[in-house]
Structures are given as C-alpha cells and as structure tokens.
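Biologist: Could you take me closely through the metal site of this model, and then show me how the surrounding chain is arranged around it?

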Amino acid sequence: MKICIDAGHGGKTPGAQGKKTLEKYINLELALKLRDELVKNGIEVIMTRTTDVYIELKERCDIANKNKCDYFISIHCNSFTDTSVSGTETYYYNGSKEGMELARAIQNAAVQYSKNKDRGIKTASYYVLVYTAMPAVLLETAFISNENEENMLMDKTWQEGFVKNISSAILNYLGIKPNDGTIPEEPGSSGRELSDEDRQKAIEELERMLELMTQSVNKLKDIIR
Ligand SMILES: [Zn+2]
C-alpha cells in the first residue's frame with residue numbers, strides 16, 4: 001500500500017495567509033505528521049515535498065503517478081475574506097467512488113476531532129484531483145483566515161491528535177488494523193511462556209499419544225503377519 005501525501009503550496013507560493021502564519025507551513029507540518037503515523041502502520045508514503053520548496057502542480061501529480069501510488073491526499077488550509085467563516089471540507093474528483101469514500105472517511109475523522117463546522121465532502125476539478133491517476137482527495141483542514149481556527153492549526157498538540165484521527169480513519173478505510181504500539185505475536189507462537197505445570201501436562205499428553213501410536217503400530221504388525 002502506497003500513499004502520496006501532498007503538502008499544498010510551498011516556497012514562493014505561500015498559499016493563504018493567516019495573521020500569524022502561512023498556509024504552506026501548516027500544510028507541511030500536518031503532512032509530515034500524517035506521514036509518520038501512516039509509516040508507523042506499515043504504509044509506504046511518498047511525499048511531494050518535505051521542506052519549504054516550490055513545486056508545480058504538474059510535478060506533484062507526476063510524483064504520485066510515477067511512484068504508482070494507490071491514493072493521493074493533498075493537505076490545505078482554507079481562507080475567506082469574511083473572517084467569521086470556519087469549518088472543514090474535503091474534496092474529491094467527481095465520479096471517483098473510491099475518492100468519495102476516502103474523502104468521507106477523512107472528513108468525518110477531521111470533524112470528529114476538531115469539532116469544527118462540518119462543511120461536508122464536495123467535488124471539484126482541482127488540478128491535483130484531475131491529473132492524478134489514483135483516487136485523490138484534498139482536505140481543507142480549517143480556515144486560516146479565522147483567528148480561532150488559525151490558533152488551532154498552529155497548536156502542535158492539536159496537530160498530533162488531528163493527524164492521528166485522520167490516520168486511523170485512513171487505516172480503517174483500507175481495512176488495516178492500527179498498530180497500537182504492542183509487539184505483534186509471531187505466527188504460531190502462543191505469545192506466553194509455559195508454566196512448569198503446563199509443560200508437564202504437555203509432556204504427559206505427548207507420552208499418551210506416543211503410547212497410542214505404538215499400540216496402533218503393533219496392531220497393524222499383527223494384521224500384516
Ligand atoms: Zn491551499
């Protein structure tokens with residue numbers, strides 16, 4: 001399973017501007033955290049950028065397509081002239097059933113964690129949704145133009161919880177059991193040490209089986225003779 005994560009904007013294209021920060025920084029912070037969560041769960045992640053650099057939209061799609069990624073997730077912050085406008089919305093390409101399902105899973109997880117206004121899932125012909133060969137979604141995490149949401153987006157603890165919830169939703173959508181940090185049992189192992197009593201019982205059981213087998217072999221010998 002290979003997922004391409006796209007941190008929107010970067011370098012000379014800052015994206016939307018908040019009072020204290022720029023969209024490109026928030027997008028990258030969230031994208032890197034989402035990468036770490038997914039990698040922890042055994043998913044291969046391809047990033048369109050890991051630093052504050054300018055990357056053309058075409059190149060972002062090329063990266064996902066050349067790497068034959070299974071899904072493409074673009075992370076953005078929303079903005080509007082009316083600073084009271086707030087909430088979260090997720091876009092997918094019209095007609096992509098998988099894109100719609102993934103968008104719904106991510107949208108629900110984002111809103112569940114942030115308690116932001118649920119602006120729903122929507123279709124759009126954004127470049128990265130159109131020119132990626134795999135199901136693609138674009139998450140508008142929150143409005144950077146809204147002071148409350150900008151503060152929330154900048155909060156590192158909030159970022160971690162938000163991304164974790166989204167990662168869980170993606171894993172759930174993919175049917176992958178989240179790795180909760182416990183070491184998985186090796187196949188065939190009982191996962192525990194045998195007590196002396198259990199060991200003694202196992203030996204007795206083996207001896208009993210061996211005796212039964214010996215009896216059977218002797219019976220067969222009698223028949224053959
Ligand atoms: Zn953006």
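**The zinc site and its setting**

Modeller: A compact globule of 225 residues would have a radius of gyration near 17 Å, whereas the protein chain in this predicted model has 27 Å. Along its principal axes, the C-alpha trace spans about 95 × 35 × 30 Å. The chain is divided into domain 1, residues 2–174, and domain 2, residues 185–225, and the centres of domain 1 and domain 2, taken over C-alpha atoms, are separated by 57 Å. Seven helices and six strands are present in the protein chain, and their order along the sequence reads β-α-β-α-β-β-α-β-α-β-α-α-α.

With that setting in place, we can turn to the metal. The zinc ion is coordinated at 2.1 to 2.2 Å by three residues, H9 through NE2, E23 through OE and H76 through ND1. Written along the chain, these donors follow the spacing H-x13-E-x52-H. H9 lies in the loop between β1 (2–7) and α1 (23–40), while H76 belongs to strand β3 (residues 71–78), so this pair of ligands ties together parts of the chain that are 67 residues apart in sequence.

The two histidines can also be described by their exposure. H9 has a relative accessible area of 24% and is therefore partly exposed, since that class lies between 20% and 50%. H76, at 12% relative accessibility, counts as buried because its value is under 20%. The backbone at H9 deserves a separate look. Most residues other than glycine have a negative phi. H9 departs from this, with a positive phi near 65 degrees, and this residue is found in the loop between β1 and α1.

A positive phi also appears at K115, which is not a glycine and has a value of about 60 degrees. K115 is found in the loop between α3 (97–114) and β5 (118–123), and with 68% relative accessibility it counts as exposed.

The loop that carries H9 also holds K20, which likewise lies between β1 and α1. Leaving aside residues up to four places away in sequence, K20 touches E150, N151 and M154. For the pair K20 and M154, the C-alpha atoms are separated by 9.0 Å, although the two residues are 134 residues apart along the chain.

Helix α1, which follows that loop, contains L30. At 2% relative accessibility, L30 counts as buried, and its contacts, not counting residues up to four places away in sequence, are with I75, T141, L153, W158, Q159, F162 and V163. One of these partners, Q159, is 129 residues from L30 along the chain, yet the C-alpha atoms of the two are separated by 6.4 Å. I75, another of the residues touched by L30, falls within the residue range of strand β3, the strand in which the zinc ligand H76 lies.

Helix α5 (residues 147–154) includes N148, which counts as exposed at 62% relative accessibility. The C-alpha atoms of N148 and S84 are separated by 9.3 Å, and the two residues are 64 residues apart along the chain. The residue range of helix α5 also takes in E150, N151 and M154, which K20 touches, as well as L153, which L30 touches.

These individual pairs can be set beside the totals for the chain. Among contacts in the protein chain with a separation of 6 or more, 78% are between residues 24 or more positions apart. Of the 225 residues, 42% count as buried, and the protein chain exposes about 13,000 Å², of which carbon and sulfur atoms supply 52%.

Finally, there is a database annotation to place on this picture. An unreviewed UniProt entry lists residues 61–171 as "domain: MurNAc-LAA". Within the model, that span is 47% helix and 24% strand, and its end C-alpha atoms lie 23 Å apart.

Notes
Residues are numbered from 1 along each chain as its sequence is written. This is a predicted model: local features need pLDDT of at least 70, side-chain atom pairs count only at pLDDT 80 or more; totals for chains, interfaces and linings use all residues. Side-chain values use heavy atoms; hydrogens and water are left out. Donors are N, O and S atoms within 2.8 Å of the metal (3.2 Å for Na, K and Ca); water is not among the atoms, so sites may look incomplete. Helices (H or I, at least four residues) and strands (E, at least two) are DSSP runs, numbered from the N terminus. Buried means under 20% relative accessible area, exposed over 50%, partly exposed in between (1.4 Å probe, protein chains only). UniProt positions are given in the numbering used here, feature names are shortened, and annotations may be inferred rather than shown by experiment. Domain bounds come from an automatic or database domain assignment. The radius of gyration is taken over C-alpha atoms; the globule rule is 2.2 Å times the number of residues to the power 0.38. Contact means heavy atoms within 4.5 Å. Accessible areas come from the Shrake-Rupley method with a 1.4 Å probe; for residues, only the protein chains shown count as cover.
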